[in-house]
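Q: I would like to learn how to read a few features of a protein model, taking each idea in general terms before turning to the case at hand.

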Amino acid sequence: MAIDAYSPCPGGTGKKIKFCCNDLLGELQKIDRMLEGKQFLACLNHVESLLKKNPDRACLLATKSLLLGLTEQPEAAQQAIRDFFEKHPENPIALADAASLAVEHADGRTAMRLLQRALAASGEGVEMRVYAAMGDVAEALAVEGEVMAALPLLHAQIQLQPNDPHPKELAIEIQQSRVPVLLKDQRWMPDAPDNAPWKPRYDDAVDVVKRLQWSVCEERLTKLAAEMPGEPIVWRGLATVRGWLADNEGAVEALQRYASLDVPLDDAVEAEALSRMLMEDPLGDREDIFALTFSVNDVEQLQTALALSRKIEMVQIDPASLSESDEPPPRAIYQVRDQAAPEISGEFRLEDLPRDLGIAMLFGRQTDREARLEISEVFADDLARVQSVLAEAAGKYLGDELDRRQVAQVSRTRALGSPRRRLPENADAAVAREAIRKYLDSALLEQWPRLPLGCLGGKTPEEAARLDEYRIKVHAAVMVVESWFESFDVNRLREHLGLPAPEAIDLGQNEPETIPIGRWHRLMVEKLADDQLLKLFRVASVYNAVRAIEHLGNAIIERPSLQGNPEKLRAYSVLALAGGATDRGLEYIDRGRKEAEAMGQSSAPWDLQELQFRFARMEGEETSRLLTHLESQHGREPGVREALLQFLIQIGAVGPDGQLRTRPQEGAAAEGAPAAREVEPEPGKLWTPESQRPAGEKAKIWMPGMD
């Protein structure tokens, strides 16, 4: 619609053109027509000529920065934004553009502060440029891991523009991620008791939240908390809004103050756990990871010596793929381990297998550098062991340590879940999975309880669990572990530490929204009506709350009154996805398949889901069987061929052009040997292992990385 004197000023002044820039009305109408006609360069030239006569006009400055972006002049656009912001520091469009500019410099927290100023300056409405900046800031915060701040922004965008798919898609992506539910489930501000004398002031602070003025809410609640330091609700509300503002330090302070007050144990533990999750070092158990550089006395002799070591194994990877810019690639790449690989057949323990100590890259002499051996991914606790293994293997051919740099840090607790062990090449996949499960049990039930943690004042969980003053902190530490290791039954850990398991929850007459999603796995499902159970399961699925999904989903599939209900079939599929490619996950798929067939439905969706699981489990024969079955029995059903082709492309067996990618035959690398040909699928027919297998040969599928 064409602009007129009563249209809002395009410069974000909050006034009508008639009362702001009426003298430029004709020019603004001309600019509007040029924008409508996408004459961006001509329009930019016109705006710049007008700015020479009117250098400080917000409408022209705002239009210039917009046009520079549309004409793909990023550096000039950034300077225009800075000029606009310098001249109009309280203008919502200038502030919004400055927020988007901060995003480009990977500074989500600064961007959020600028965006809050833009929203506060916007008054009742929200300019489209401010709305766009909300999306920019939300995406940046999501990338930076600031989920508590990103989700509320996206939900605000959804409220403002329900038909815009982008905030919905990103919100779903975050909610479906493996981010702990405590960080994702920030849906409300707590209400003040009706009889509280400070309720009017609290309500006044919270009321501005609906206008997205979170910084204003934070300022008011901070003042109220200073005057009412013993009121838990004030601190909980303050923690929430600080989380929305990406003020993690402030949120941690408020959460821990809340947890220290007289509140129910569940609330205190969740607040303490959430505060830990907002820290860079949640449990106070970080270990440094180093990169080491050694001089080399004789490259050829060192390479020979390393090849003879049973503790050092050459990695089969093209060294050129690891070179940076014009730097020569390493001559060889090695995996350094703490022991030689033992002879193993049948079952084994992970603890008995070689442990990875680091990745070593051998570089020859360069124009400006001497030959060197660089070792990365070395944990602080392994430094002495790495030096010992290298000295034993390399002897006099390896020189002195030239450099030692700390390159990262890792939680010792999380490292327990990544054993860094070399599995036997001939290990049965099922045996390997069982060995990993037993190792994780041992790590979390035996090793972790004896690990000193900074969050417990340097005490171990076993020590702290016996002291009343650490009760909440120990429970919170266990909850953090629970969020990191979803497949582990954390109640076994609680039992080991002598901690009571959380009690079951009777929803009663309460609405589900009054119970945090993180507690839904404790609900008394037998007291839930069918519609309640299904509703809760759908919400848990949206938030990918794995424990709630398992608890509620199993109640659905076992409830006789839901027999034949399509939601029951969906529950099987969601349960399988939540459990991953485990035996339990395959059991859910099989039960869902049988239910679907009993209802007269195709089993193809279940076969496709099982196909993904079998491939993830590296079960080649089962993967090949399912491919052949789907092609022969379901190939004509809608979407099946497309899904199969996408799967084959995904695993690298078929290229995007539909051509089969084959690996070279063993021993076929001799000079003059013909290159492995690409097999072209028959027109209109999807390639499967069956289509290229000689008669009588056993079905199998090659998976990338298998030799």
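The dialogue below takes up the sheet, the cysteines, the pocket and the backbone angles of this predicted model.

Q: What is the strand order of the open sheet, and in which sense do its strands pair?

A: Strands of a sheet pair through backbone hydrogen bonds, and the pairing may be parallel or antiparallel. Here six strands form an open sheet in the order 2-3-4-5-1-6, and the pairing is antiparallel. Strand 2 (312–314) and strand 6 (398–411) are the edge strands, each of them pairing on one side only, and the twist from one strand to the next averages 20°.

Q: Over how many bridges do strand 1 and strand 6 pair?

A: Strand 1 (residues 286–296) and strand 6 are paired in the antiparallel sense over 10 bridges, and to place one of these in the model, one can look at D288, whose bridge partner in strand 6 is Q409.

Q: Which strands does helix 17 lie across?

A: Helix 17 (residues 383–394) lies across strand 1, strand 2, strand 3 (332–337), strand 4 (356–363), strand 5 (372–379) and strand 6, and the helix runs at about 145° to strand 5.

Q: Why is there no bond between the sulfur of C9 and that of C20?

A: A disulfide is assigned when two cysteine sulfur atoms lie within 2.5 Å. The closest cysteine sulfur to that of C9 belongs to C20, but it is 3.7 Å away and therefore too far for a bond; a search of the whole structure likewise finds zero disulfides. C9 is buried, with a relative accessible area of 3%, and C455 is buried as well, at 7%.

Q: Which element gives the most to the lining of the largest pocket?

A: The largest pocket has a volume of about 1,300 Å³, and of the 42 residues that line it, E486, S487, F488, G579 and T582 are the closest to its centre. Helix 19 gives the most to this lining, with eight residues, while the elements that give two or more also include helix 21 (471–484) and helix 26 (583–598).

Q: Where are N544 and M618 found, and is each buried or exposed?

A: Most residues other than glycine have a negative phi. N544, although not a glycine, has a positive phi of about 50°; this residue is in the loop between helix 23 (530–542) and helix 24, and it is buried, with a relative accessible area of 14%. M618 also has a positive phi, near 60°, and lies in the loop between helix 27 (604–616) and helix 28 (620–634), but M618 is exposed, with a relative accessible area of 55%.

Technical notes: Residues are numbered from 1 along each chain as its sequence is written. This is a predicted model: local features need pLDDT of at least 70, side-chain atom pairs count only at pLDDT 80 or more; totals for chains, interfaces and linings use all residues. Side-chain values use heavy atoms; hydrogens and water are left out. Two strands pair if DSSP finds at least two bridges between them. Helices (H or I, at least four residues) and strands (E, at least two) are DSSP runs, numbered from the N terminus. Axes are lines fitted to C-alpha atoms, for helices over the stretch in contact, and angles run from 0 to 180 degrees between N-to-C directions. Contact means heavy atoms within 4.5 Å. Buried means under 20% relative accessible area, exposed over 50%, partly exposed in between (1.4 Å probe, protein chains only). On a 1 Å grid over the protein atoms alone, a cavity is a set of points where a 1.4 Å probe fits but cannot get out, and a pocket is an open set with protein on both sides within 12 Å along at least five of seven lines; lining residues have an atom within 4 Å of a point. Grid points are joined across faces, edges and corners, and a volume is the space filled by probe spheres set on the points.
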